[in-house]
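Student: I should like to learn how to read the principal features of a protein model. May we work through one together?
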Amino acid sequence: GGMLALAVLLLLLAAGPGRAAAGPGRDALREELLLSPLPNGDVAATFQFRTRWDADLPRGAVSHYRLFPKALGQLVAALGVRELHLTLTQGFWRTQAWGQPPLQAPSGAELWVWFQPTVTDVDKAWKELSNILSGIFCASLNFIDATNTVTPTASFKPLGLANGTDHDLLRYAVLPREVVCTENLTPWKKLLPCGSKAGLAVLLKAERLFHSSYHSQAVHIRPICRDASCLAVSWELRQTLTVVFDTFSSGQGKKDWSLFKMFSRTLTDACPLASQSKVYVDISPKNKEKELLEVTPPPTSVYEATVQGDKRTYAVYDLLSPSLFNTSRSLNVQFKWKRPEDSSEMPIPILHAQRYVSGYGLQTGEISTLIYNTHPYRAFPVILLETVPWYLRLYVHTLTIITKGKENKPSYIHYQPAQDRRRPHLLEMLIQLPANSNTKISIQFERALLKWTEYPPDPNHGFYVSSSVLSALVPSITAMKDVDVEESPLFTSLFPSADGSSYFVRLYTEPLLVNLPTPDFSMPYNVICLTCTVVAVCYGSFYNLLTRTFHVEEPSRGGLAKRLANIIRKFRGVPPL
């Protein structure tokens, strides 16, 4: 029996990681880097690491973990998680300047989870899940509680396989004040099968990633079909990291860049556990002259696809290709414009939004959201999700939706009022956006006065209101073809398109910073100082008078000093004392 087990182990080791991953009941890793020049001259780099595991996680029958992280696998099995989506973001994606992102996320920390129907107490599992994730990713997710958790009814549909959509099994929360730094990146990198030692992850150098305009890291876990028949379920872990480098200001006015300029490192090999490792460079023309961009060294192949309704051309570097590292031991992709680009005409995304707070004083105010549809001839609906803390008391009768000067009545509206110190406001609406229009949604609110123990250590900084969420099927300018999900790049497959005429977009607006009536916290200090002074003076004087004893002294003949003085006075002829 021992010799047989040893022989099986040797056969598995001889099969190699790539071939072993293709077997039944196995796991496979794909890693991918997408480099996209943005219209304003910045460069976006999107890393995606996908681990697909043919295992039945929820039943807890798995004891051996190879590529899939054991911490996350046990979490999914123990708490009955069906889908988990966690993002940690520093900065804000500027849609008007950078275009549509591959995967957008709100500022701070966002967590939304679908639980299995077998979970009886969803709130208890949600609280336990947020605490465990807080420890895994070294984040403040333990501050997620009932005051910032909502259950959406129309937004955040499951991205993976789902038998039903009972929204009582969904929980959504955002911590807009969460600060993302290296202590969150390190545990995220440790979940990768190769860590940061090999493959594309060697570029994840913390001091370069956080010296950027935008940084977002995410973990997505969902069930997917194992094959075309979809009789069995596989589990997919997708770790994504998006970073935007401002190369125009750091490159002495030049928009040319390279991997070494951005990451201070180059690629030397693929992750040995990966079955696919590729670098995609977006070389699509960016202006009317259809000017192509020049990349060196020459790519392994060129890939054309329709992404987010637009035709794109990608230069592909396959790190598993033997010919790639023949000429040099490292890959340093360089990108040059054939002539200086005129960035005065930036393409405007079809759907984008803005949000701001207005009003004066510290009693009332107004939250306004502007949604733009720049499509020349197509109208489409959008689902708007607003989550407002309980200490901003919304006046729902003041809700107005104006499009082209006319009232726009939503076809669906769901409002859950807040309860003080128990739950936030939840407002969801389905709004029709006419072609080439902008829609303004505004609602007034009143500021509540908190208890003095409920203020944070820096109350004058303000209180954050999480971003609005827009979900829409945006009409495509260019017809999209049905492609094989396994063969297409990872950045095209998280939100699959149901048909070729539209594509799914989820956008987030800016978070808001609202001032609340704040007491003068220095006043107790002043009162304490004044009280202590008065008590010390009055009490000290009275105590001194009450406890002092008075004695009548008899007049004495004087001491030695008086006698000496009288002797001296006698010699001088002066009367004695």
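Tutor: Let us begin with the contacts along the chain. Of the contacts in the protein chain with a separation of 6 or more, 75% are between residues 24 or more positions apart. Please keep in mind that this is a predicted model.

Student: How many helices and strands does the protein chain contain, and what share of its residues is buried?

Tutor: The protein chain has 10 helices and 26 strands. Of its 577 residues, 47% are buried. The exposed area of the protein chain is about 29,200 Å², with carbon and sulfur atoms supplying 57% of it.

Student: How should I read a sheet, and in what order do the strands of the open sheet lie?

Tutor: The general idea is that strands of a sheet pair through backbone hydrogen bonds, in either a parallel or an antiparallel sense. Here, 11 strands make an open sheet with mixed pairing, ordered β5-β6-β4-β3-β7-β8-β2-β1-β10-β13-β12. The edges are β5 (149–150) and β12 (301–307); each has a single partner strand, so one side of each is left without a neighbour in the sheet.

Student: How many bridges join strand β3 to strand β7?

Tutor: Strand β3 (residues 81–90) pairs with strand β7 (residues 214–225) over 7 bridges, in the antiparallel sense. Within this pairing, Leu84 is opposite Ile221 in β7.

Student: Which strands pair with β6?

Tutor: Strand β4 (residues 108–115) pairs with β6 in the antiparallel sense over 6 bridges, and Ala109 has Leu175 as its bridge partner in β6. β5 also runs antiparallel to β6, joined to it by 2 bridges; there Val150 stands opposite Tyr172.

Student: How do I judge the two faces of β6: are they covered or open?

Tutor: In general, the side chains of a regular strand alternate between the two faces of the sheet. In β6, Leu170, Tyr172 and Val174 are on one side, Arg171, Ala173 and Leu175 are on the other, and all are buried, which leaves both faces covered. Put as a count, 6 of the 6 residues of β6 are buried.

Student: What surrounds Leu175?

Tutor: Leu175 belongs to strand β6 (residues 170–175). Its relative accessible area is 11%, and because buried means under 20%, Leu175 counts as buried. Apart from residues up to four places away in sequence, Leu175 touches Ser107, Gly108, Ala109, Ser140, Leu141, Phe143, Ile144 and Asn148. For Ile144, the separation from Leu175 is 31 residues in sequence and 7.5 Å in space, C-alpha to C-alpha.

Student: How many salt bridges does the whole structure hold, and how should one be read?

Tutor: A search of the whole structure gives 13 salt bridges. For each, it is useful to consider the distance, the location of the partners and their exposure. Asp282 and Arg312 form one, with 3.5 Å between the closest N and O atoms. Asp282 is in strand β10 (residues 276–282) and Arg312 in strand β13 (residues 310–318), so the pair ties together parts 30 residues apart in sequence. Asp282 is buried at 3% relative accessibility, whereas Arg312 is partly exposed at 23%.

Student: Is the salt bridge partner Glu386 buried or exposed?

Tutor: Glu386 is buried, with a relative accessible area of 8%. Its salt bridge is with Arg355, the closest N and O atoms lying 2.6 Å apart. This pair links distant parts of the chain, with Arg355 in strand β15 (residues 351–358) and Glu386 in strand β17 (residues 380–388), 31 residues apart. Arg355 is also buried, at 5% relative accessibility.

Student: Where does Asp420 lie?

Tutor: Asp420 forms a salt bridge with Arg393 at 2.8 Å, N to O. Asp420 lies in the loop between β20 (412–416) and β21 (425–433), and Arg393 in strand β18, so parts 27 residues apart in sequence are tied together. Asp420 is partly exposed, at 36%, and Arg393 is partly exposed at 32% relative accessibility. Elsewhere, Arg50, Arg222, Glu236 and Arg238 are joined into one network by salt bridges that share partners.

Student: Which residues form the nonpolar patch on the surface?

Tutor: The patch consists of Leu560, Leu564, Ile567 and Phe571, which together have about 490 Å² of accessible area. Phe571 lies in helix α10 (residues 560–572) and is exposed, with a relative accessible area of 76%.

Conventions. Residues numbered from 1 in each chain as written. Predicted model: local features only at pLDDT ≥ 70, side-chain atom pairs only at ≥ 80, totals over all residues. Heavy atoms only, no water. Patch = residues over 30% accessible without salt bridge, like charges linked within 9 Å, V, L, I, M, F, W, Y side chains within 5 Å. Areas by Shrake-Rupley, 256 points an atom, 1.4 Å probe, with all protein chains shown as cover. Salt bridge = Lys/Arg side-chain N within 4 Å of Asp/Glu carboxyl O. Helix = DSSP H or I, 4+ residues; strand = E, 2+ residues; numbered from the N terminus. Buried < 20%, exposed > 50% of the residue type's maximum accessible area, 1.4 Å probe, protein only. Pairing = 2+ DSSP bridges. Contact = heavy atoms within 4.5 Å.
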